[in-house]
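Take a moment to look over the sequence and turn the structure around on your screen. We will then walk through it together, one region at a time.

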Amino acid sequence: MATFRYILRDTWRLLSRHWGLSLLTLLTSVAVFFLVGVSFLFVLNTRYLVATVEGDLVVQAYVVNSPEALETVARKASTYDSVSSVRIVTSDEALERLRARLGKQAEAVSLLDENPLPPSVEIQVKRAVFASVIVRELISMPEVEDVVYAGAVVERLERISSFVARLSLVILFISMASASLVLFNTIRISAYGRKEEINTMLLVGATRNFVIFPYVFQGVILGTCGALISAVFLWFSYGFAIETLQRSLPFLDLLTDPGVILRLGAVLVSAGVAVGWICSWLAASRFIRLASRSH
Amino acid sequence: MEIRFAGVTKQFPPDIVAIQDIFLTISKGEFVYLVGPTGSGKTTILRTVTRELLPTKGQVTVGDVNIRKMSSYDLAYLRRDIGVVFQDFRLLPSLTVYENIAFVQEDIGVPPADVKKRTNDVLDRLGLWRRRFLYPEQISGGEQQRAAIGRAIANSPSVLLADEPTGNLDIHTAEEIMQLLLSINASGTTVVVATHNQHIVDAYKQRVVELRKGRIVRDEKKGRYEVDGDL
Ligand SMILES: Nc1ncnc2c1ncn2[C@@H]1O[C@H](COP(=O)(O)OP(=O)(O)OP(=O)(O)O)[C@@H](O)[C@H]1O
Ligand SMILES: [Mg+2]
């Protein structure tokens with residue numbers, strides 16, 4: 001226990017002695033983890049957006065005007081697993097909808113003696129990728145005259161989403177690599193600055209671990225604090241960004257669940273601990289192995 | 001602990017032979033002076049005992065263990081039992097005198113209360129009490145030397161290796177340090193002192209091992225600094 005206290009005190013000495021370097025490392029890791037957090041949020045939001053649009057995706061099959069034909073198409077559509085709901089829209093209903101949408105101008109529609117709108121079957125699809133198969137099969141049915149759906153848009157959205165995900169992976173990789181390098185280097189510099197002392201400590205009987213641990217803790221503290229600060233930063237700046245975006249682009253449906261952002265924060269902090277630990281351990285143990293070698 | 005050298009040679013690249021064919025046994029509880037001119041290999045001998053240096057040839061055995069074969073962990077434990085006063089002191093510049101003496105005890109996990117008591121005791125014995133909060137660069141050479149001695153004895157080691165422990169001290173202080181080393185020896189610690197201090201060697205007669213160009217040329221019980229023929 002006493003040993004642990006000494007190690008913590010030495011850690012503090014390391015951090016405060018090279019405080020300029022410590023601060024620089026801290027700022028770098030804040031920036032890096034912030035970047036990681038932002039790219040995560042970006043991915044999560046595009047996913048969320050795509051999912052929302054997909055949820056609203058409707059395949060509209062226009063069918064020859066007979067109740068039996070409508071029934072057949074509706075029954076056929078319900079057989080797909082990827083279909084979440086099927087609904088028959090009669091000509092009258094379609095007219096009602098048009099009226100509601102057009103308002104005053106709907107008077108024009110009333111002038112027609114006959115309802116020109118065809119009945120249709122509205123099919124809600126769970127995911128956009130399944131839509132094209134259903135559309136193809138529906139179109140091949142004799143009862144179906146035409147199929148309308150916003151598939152192209154959704155498919156493009158999906159492609160964008162997967163591109164964003166890949167891009168973020170690259171950003172993630174680069175930022176983690178640079179965070180690791182900076183931490184590794186900081187620990188190496190602070191170990192190097194105490195080369196003589198490390199030698200002396202080893203000569204008077206300090207174990208390697210006793211010498212290494214302050215450096216490891218130094219790295220862990222820098223990594224963890226960096227991640228923690230960036231998570232707090234992220235929390236507030238995301239809140240601010242959401243507020244601003246929703247004021248200027250109210251139709252944009254963004255992720256606002258605080259649970260998700262809290263979890264993201266937890267992920268960032270764990271990453272900070274892990275990166276700090278691994279990098280500083282590598283740097284310090286390598287250095288100390290060399291220092292403790294007899295010539 | 002007994003220290004035994006069996007045919008130890010240390011050669012530094014490319015061809016500097018620092019010590020050659022050393023056969024020497026220092027028994028537990030003995031007091032030995034290592035004497036010899038500059039560059040004769042005294043420091044090198046001491047450095048092989050802690051395995052700071054590995055012999056090019058031959059074996060160094062400390063307390064029945066061939067230290068070449070020790071794991072780094074066991075070596076750390078052996079080193080805790082060997083107090084070293086380095087010729088160049090090697091005080092840690094970022095620590096105060098007090099901390100310099102305390103840290104070797106902390107390294108080995110002595111509880112804080114004991115560290116405090118022992119360190120204060122050592123500071124008192126070495127007359128460094130009033131300097132305890134100063135850093136090495138703020139104290140005189142002799143005071144640094146005493147701090148280095150304090151660090152070496154703080155853990156009450158079984159073996160004390162002192163390289164020129166009176167080098168920076170006036171005769172009066174040197175004699176005080178010798179009294180201290182002798183009292184530590186009297187309590188059972190093996191003491192090896194490498195020295196140029198003729199006055200001390202002649203005044204406190206002990207076993208003398210003389211080196212010339214890396215070889216042992218004299219090993220004498222209750223010897224003088226120089227054999228009469230040299231005078
Ligand atoms: N790391 C080294 N590389 C090369 N030569 C070395 C090294 N260490 C010591 N030597 C050489 O080995 C010889 C013995 O050195 P050592 O330090 O043991 O002498 P010494 O008896 O302690 O001398 P002094 O009385 O001046 O302290 C010297 O010639 C020295 O130059
Ligand atoms: Mg020497």
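Which residue just after α3(B) takes a positive phi? That residue is B:G109, with a phi of about 80°.

Before going further, a few ground rules will help. This is a predicted model, in which local features need pLDDT of at least 70 and side-chain atom pairs count only at pLDDT 80 or more, while totals for chains, interfaces and linings use all residues. Residues are numbered from 1 along each chain as its sequence is written, chains are lettered from A and ligands numbered from 1 in the order in which they are written, and side-chain values use heavy atoms, with hydrogens and water left out.

**An enclosed helix in chain B**

Let us stay with α3(B). Helices here are DSSP runs (H or I, at least four residues), strands are runs of E (at least two), and both are numbered from the N terminus. A residue is called buried when its relative accessible area is under 20%, exposed when it is over 50%, and partly exposed in between, with a 1.4 Å probe and protein chains only. In α3(B), 10 of the 11 residues are buried, so the helix is largely enclosed by the rest of the structure. Among the buried ones are B:V97, B:Y98, B:F103 and B:D107.

**A metal ion**

Chain B also holds on to a magnesium ion (ligand 2), which is coordinated by B:T43 through OG1 and by B:Q87 through OE1, at 1.8 to 2.3 Å. These two residues link distant parts of the chain, 44 residues apart: B:T43 sits in helix α1 (residues 42-49), and B:Q87 in the loop between β6 (82-85) and α3 (97-107). Donors are N, O and S atoms within 2.8 Å of the metal (3.2 Å for Na, K and Ca), and water is not among the atoms, so sites may look incomplete. B:T43 counts as partly exposed because its relative accessible area is 24%. B:Q87 is partly exposed too, with a value of 42%.

**Where the two chains meet**

How many residues does the contact take from chain A and from chain B? It takes 20 residues from chain A and 30 residues from chain B, where contact means heavy atoms within 4.5 Å. The area buried between the chains is about 2200 Å², and carbon and sulfur atoms give 57% of it. In chain A, the residues that lose the most area to chain B are A:Y6, A:L203 and A:V204, together 29% of what that side buries. Buried area is the accessible area (1.4 Å probe) that two parts lose on being put together, summed over both.

A:M201 gives a good view of this region. This residue is found in helix α8 (residues 195-203) of chain A, and it counts as buried because its relative accessibility is 5%. Leaving aside residues up to four places away in sequence, A:M201 touches partners in both chains, including A:D10, A:R194, B:L92, B:F103 and B:D107. Another of its partners is A:V211; the two are 10 residues apart along the chain, and their C-alpha atoms are separated by 7.6 Å.

**Salt bridges**

A salt bridge is a side-chain nitrogen of Lys or Arg within 4 Å of a carboxyl oxygen of Asp or Glu. By this rule the count comes to 20 over all chains, and the count between chain A and chain B is 2. Here are some examples:

| Salt bridge | N to O distance |
|---|---|
| A:R9 and A:D10 | 3.4 Å |
| A:R194 and A:E197 | 3.3 Å |
| A:R13 and B:E99 | 3.0 Å |
| B:R207 and B:D219 | 2.8 Å |

Are A:R194 and A:E197 buried or exposed? A:R194 counts as buried at 8% relative accessibility, and A:E197 is buried at 6%. The B:R207 and B:D219 pair links distant parts of the chain, with B:D219 in strand β10 (residues 215-223) and B:R207 in strand β9 (residues 206-212), 12 residues apart. B:D219 is partly exposed at 40%, whereas B:R207 is buried at 11%. Salt bridges that share partners also join A:R9, A:D10, A:R13, B:E99 and B:E106 into one network. Within that network, A:D10 is buried, with a relative accessible area of 9%, while A:R9 is partly exposed, with 29%.
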